[in-house]
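Visitor: I have a fresh model to look through. Can you bring it up and walk me round?

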Amino acid sequence: VVFRSLSRSNSTDRASASHWGVVAEIDRFFGVQDSGSTIATELRGGLTTFVTMAYIVVVNADLLSKAGIPIESAIFATCASSAIGTFLMAWWAGYPFALAPGMGLNAYFVFSVVPAVAAALGPGPPDRAWKVALGLVGWSGGLFLIATWLEVRSRIMREIPMTLKLAVSAGIGLFIAFIGMQGAGAVVADPRTLVKLGDVHAPSVWIAGAGLLVTAGLWTRRIPGALLIGILATTALAMVLGHADGPERWVAFPEVSGTMFQWDLRGAFDIRFLDIMIALLFVDFFDTMGTLVGVGVQGDFLDDNGRLPRDNRALSADAAATVAGAALGTAPVTTYVESASGIAAGARTGLANMVVVGGFCGAMFFAPALTAVPSFATAPVLVVVGALMATSLSKIEWEDRGEGIAAFVTALGIPVTFSIADGMAMGVAVYLGSKALGGRSQEISWVMWALGAIFVLRFLFIPLE
């Protein structure tokens, strides 16, 4: 009996030691303790990020189907490309920045790129246009990789003044808060004033409002997982009151053959598509750069010089994800602003991304279940995170009038144009103009002048609509 007891005790000790050894190895690999975080916090932050951005699985697939891409395959492509890009970001750069097909980029792909390609190609098979369009996305991602390896992208990102970086963070905060209010129906379109207050009697509005109060209260009390609890509580309230339905089925096996490696790289290598290629490069480049800067400020990842460490690795992961996404059958993949929700919940390392990767891998099989979370259930989290990101405005040196105006225009331009890239362009233009006309042109680097010239050329010769 004593021998058996000792054997069991030794076995338990060995298992316990093995368990803690694995935990220690994970901590060491991702630098969790060094970042001031814990494994539990990283897991919670990753889960918050995934739940906040899980809507992309259904939304992106629905958009791609409008271009003729099979929706079942589009769901797989969305999940797989998101998982690959998010994993690369964790592995190469070690940041809790999740990736997925970009909102805005996917709409541009469906409603602008595919029709333009179809018009240039003329009569032919109905699926030829979107296959060539995927080829264009693949080529643009490849060019991005080259530009990243040559450190062109990182050099531009490093030269952007800290004032504009802080403004981009605040602008993204206002942007995602506006998206949340729009998703809840709290603000709607109006032909006279562009936007107005929505129908306050609509269930989505007052349920989201109740969720916002709960989320804000939990956050104020510093309850761990407040953002995730807010999403789940809002969803549960909607279901109990009969304003959200449960999934009709839970499991759906992925269909891969419809889009995987269906890109037409040879057909896309055509001078007729040069303007489309440049437009794709422009939008993806500056949306990604703006998002990295914005969430970098939110997570306090920037160094004393306002630079994001390992920025070249982060940009490489983003570019590689775009290539992988095109091969799998989806619009350009980019870093997601919703990563700020996980960062706000405490995520600081790539370990949080591994939770997101697992979520997207599971979503390949459980996509119908994700539709049970209504869009207005994530609205409270987006508003709270937006408020947190807007605090970067307090760090701007408003006493410097030129930079203050440029920062204000940047922060305002992002939500009102519904584009991170366009908001940045407006801010850069005001920054250059105020410095030059204010007799301080010597403070402007040649990189910023070149960036301004690129923006001018974009607006003059490359229409994005």
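Visitor: Start with Phe50 and Phe360. Buried or exposed?

Guide: Both Phe50 and Phe360 are buried. Buried means under 20% relative accessible area, exposed means over 50%, and partly exposed is in between, with a 1.4 Å probe and protein chains only. A caveat on the source: this is a predicted model, where local features need pLDDT of at least 70, side-chain atom pairs count only at pLDDT 80 or more, and totals for chains, interfaces and linings use all residues. Residues are numbered from 1 along each chain as its sequence is written, and side-chain values use heavy atoms, with hydrogens and water left out.

Visitor: How many aromatic pairs does the structure hold?

Guide: There are eleven aromatic pairs. Rings of Phe, Tyr and Trp (its six-membered ring) pair if their centres lie within 6.5 Å; planes under 30 degrees apart are stacked, over 60 edge-to-face, and the rest tilted. Phe50 and Phe360 make one edge-to-face pair, because their ring centres are 5.2 Å apart and their planes stand at 90 degrees.

Visitor: Which parts does that pair tie together?

Guide: Phe50 sits in helix α2 (residues 39-53) and Phe360 in helix α15 (residues 351-370), so the pair ties together parts 310 residues apart in sequence. Helices (H or I, at least four residues) and strands (E, at least two) are DSSP runs, numbered from the N terminus.

Visitor: What do Tyr95 and Phe301 form?

Guide: An edge-to-face aromatic pair, at 5.3 Å centre to centre with 65 degrees between the planes. Tyr95 is in the loop between α4 and β1 (99-101), and Phe301 is in the loop between α12 (274-298) and α13 (311-328), so parts 206 residues apart in sequence are tied together. Tyr95 is buried at 2% relative accessibility. Phe301 is buried too, at 14%.

Visitor: And which residues do ring pairs link into a cluster?

Guide: Phe87, Trp91 and Trp92.

Visitor: Helix α4 next. How far apart are its end C-alpha atoms?

Guide: They are 32 Å apart. The expected span is 1.5 Å times one less than the number of residues. For the 23 residues of α4 (residues 71-93) that gives 33 Å, so the two agree. Just after α4, Gly94 takes a positive phi of about 75 degrees.

Visitor: Which residues take a positive phi without being a glycine?

Guide: Glu151, at about 65 degrees, is one of them. Asp300, at about 60 degrees, is another. Glu151 is in the loop between α6 and α7 (152-159) and is partly exposed at 40%. Asp300 is in the loop between α12 and α13 and is exposed at 65%.

Visitor: Switching topic. How many disulfides does the structure hold?

Guide: Zero. A disulfide needs a pair of cysteine sulfur atoms within 2.5 Å. The sulfur of Cys79 is 8.5 Å from the closest cysteine sulfur, in Cys361, so it is too far for a bond. Cys79 is buried at 0%, while Cys361 is partly exposed at 32%.

Visitor: How many salt bridges does the count come to?

Guide: Ten. The rule asks for a side-chain nitrogen of Lys or Arg within 4 Å of a carboxyl oxygen of Asp or Glu. In one of them, Arg28 meets Glu25 at 2.6 Å, N to O. Both lie in helix α1 (residues 2-30), three residues apart, about one turn of the helix. An α-helix has 3.6 residues a turn, so residues three or four places apart point the same way. Arg28 is exposed at 54%, and Glu25 is partly exposed at 41%.

Visitor: Where does Arg440 come in? What does it form a salt bridge with?

Guide: With Glu443, the closest N and O atoms being 3.0 Å apart. Bridges that share partners join Asp400, Glu403, Lys435, Arg440 and Glu443 into one network. Lys435 is also among the buried residues of α18.

Visitor: Last one. Which residues form the nonpolar patch on the surface?

Guide: Leu143, Ile146, Trp149, Leu150 and Val152, with about 530 Å² of accessible area together. Patches take residues with over 30% relative accessible area and no salt bridge, joining like charges within 9 Å and nonpolar side chains (Val, Leu, Ile, Met, Phe, Trp, Tyr) within 5 Å. Areas come from the Shrake-Rupley method with a 1.4 Å probe; for residues, only the protein chains shown count as cover. Helix α6 (residues 128-149) gives the largest share, three residues. Trp149 is in α6 and is exposed at 59%.
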